[in-house]
Amino acid sequence: QRSENSLRKWLHERPEDHDTRAVYCANCGCKKTVKVRCSGRTCPECRGRELMRLKDQYGDLMAGVRWPNFVTISPENVERLTREGVKRFHRVVKKVLRRKKWKEAMPGGLLFAECTNIGNGWHPHLHGLMDAQWIDGDALATEIAKELGRRVFVKPARKDAHWVLNYCLGYLKKAPDIYRVDGLPKKESRGRMRYCGPQETWNRKREYDAAYRGVHTVIPFGTLYNVPKPEKRLLTCPDCGEHEWISEWGLERMIDQAEEVMPDVGVLAGPEYVELGEL
């Protein structure tokens with residue numbers, strides 16, 4: 001049985017369970033086992049891959065941001081965290097930013113979702129970049145609050161665009177701060193953090209995963225909307241250097257079709273193909 005501290009650390013930092021798939025080089029038949037992305041939202045391995053993808057996608061565009069602002073949009077805390085509540089918050093923010101006066105004031109931007117729980121309820125909020133010469137934080141907060149139905153705080157600050165992107169992506173490198181019970185802000189909590197027990201730790205993780213599963217945690221708008229994703233890095237065969245791969249399912253279909261078309265399988269009956277067909 002795990003102690004409270006070891007269980008908390010295990011939940012906080014461990015990679016999720018990843019399914020694996022076997023793929024075969026279409027040129028030489030070399031077998032390679034690959035991991036499948038997990039469904040957990042706190043997995044550091046999957047979050048790290050997402051970080052690199054987003055950095056490749058938006059990094060070069062930061063030089064074109066004329067008036068970069070680091071903006072935080074924070075609604076009041078909620079007792080329960082639900083997928084519907086998170087999606088509604090994001091939908092309201094996007095609806096307000098599409099209004100004419102905000103579109104004219106902010107040509108574009110990029111918001112990143114974060115959620116914490118330090119013992120005083122769930123706190124889903126947004127950090128991000130807004131390209132604007134000046135942002136009326138109180139007016140923006142008032143419009144979002146009116147649509148959302150609870151108080152909202154908006155805090156803009158002028159920062160370098162690359163700094164903002166790297167700062168926001170930094171949240172992806174670590175698991176979310178959702179296991180505390182001390183209730184202290186980050187600046188006051190150093191050396192005094194206290195964490196919930198094993199059962200509550202597990203319950204919070206399950207609630208967080210369920211709320212953010214299938215939810216887009218990056219919200220681009222304006223000039224940063226619809227930026228094409230970078231091309232995926234090709235998986236290279238270590239034996240022949242080719243990049244074409246076939247899955248087990250694809251091999252089974254090929255073998256079945258070959259047996260139907262050519263009853264005398266000939267070369268397909270050789271040892272390499274028998275081994276693949278038996279998978």
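This briefing describes strand pairing, two individual residues and the nonpolar cores of the structure above. The model is predicted. Strand β1 pairs with both β2 and β8. Two residues, E50 in helix α2 and L61 in a loop after α2, are then considered one by one. The closing points concern a core of 23 residues and a second, separate core of 18 residues.

**Strand pairing around β1**

- Strand β1, residues 20-25, runs antiparallel to strand β2, residues 31-35, and 5 bridges join the two.
- The two strands form a hairpin, with 5 residues between β1 and β2.
- Within the turn of this hairpin, G29 has a positive phi of about 85°.
- Strand β1 also pairs with strand β8, residues 245-247, in the antiparallel sense over 3 bridges.
- Residue Y24 has K31 as its bridge partner in β2, and Y24 stands opposite I246 in β8.

**E50 in helix α2**

- Residue E50 belongs to helix α2.
- E50 counts as buried because its relative accessible area is 17%, under the 20% limit for that class.
- The side chains of E50 and R53 make a polar contact at 2.7 Å.
- When residues up to four places away in sequence are not counted, E50 touches R37 and L172.

**L61 in the loop between α2 and β3**

- Residue L61 is placed in the loop that connects α2 (44-58) and β3 (68-75).
- L61 has a relative accessible area of 35% and is therefore partly exposed, a class that lies between the 20% limit for buried and the 50% limit for exposed.
- Leaving aside residues up to four places away in sequence, L61 touches L224 and V227.
- L61 and L224 are 163 residues apart along the chain, and their C-alpha atoms are separated by 8.1 Å.

**Nonpolar cores**

- The largest nonpolar core has 23 residues, and I73, L111 and M130 are those with the most contacts inside it.
- At least two residues of this core come from each of the following elements: strands β3, β5 (123-131), β6 (152-158) and β7 (218-222), and helices α3 (83-97) and α5 (137-148).
- A second core, separate from the largest one, has 18 residues, including L54, Y58, M62 and L224.
- L224 thus links two topics of this briefing, as a member of the second core and as a residue that L61 touches.

Technical notes: Residues are numbered from 1 along each chain as its sequence is written. This is a predicted model: local features need pLDDT of at least 70, side-chain atom pairs count only at pLDDT 80 or more; totals for chains, interfaces and linings use all residues. Side-chain values use heavy atoms; hydrogens and water are left out. Two strands pair if DSSP finds at least two bridges between them. Helices (H or I, at least four residues) and strands (E, at least two) are DSSP runs, numbered from the N terminus. Buried means under 20% relative accessible area, exposed over 50%, partly exposed in between (1.4 Å probe, protein chains only). Contact means heavy atoms within 4.5 Å. A polar contact is a pair of N or O atoms within 3.5 Å; within protein, one must be able to donate a hydrogen and the other to accept it, and residues adjacent in sequence count only if both atoms are side-chain atoms. A nonpolar core is a set of buried Ala, Val, Leu, Ile, Met, Phe, Trp, Tyr and Cys residues joined through side-chain atoms within 4.5 Å.
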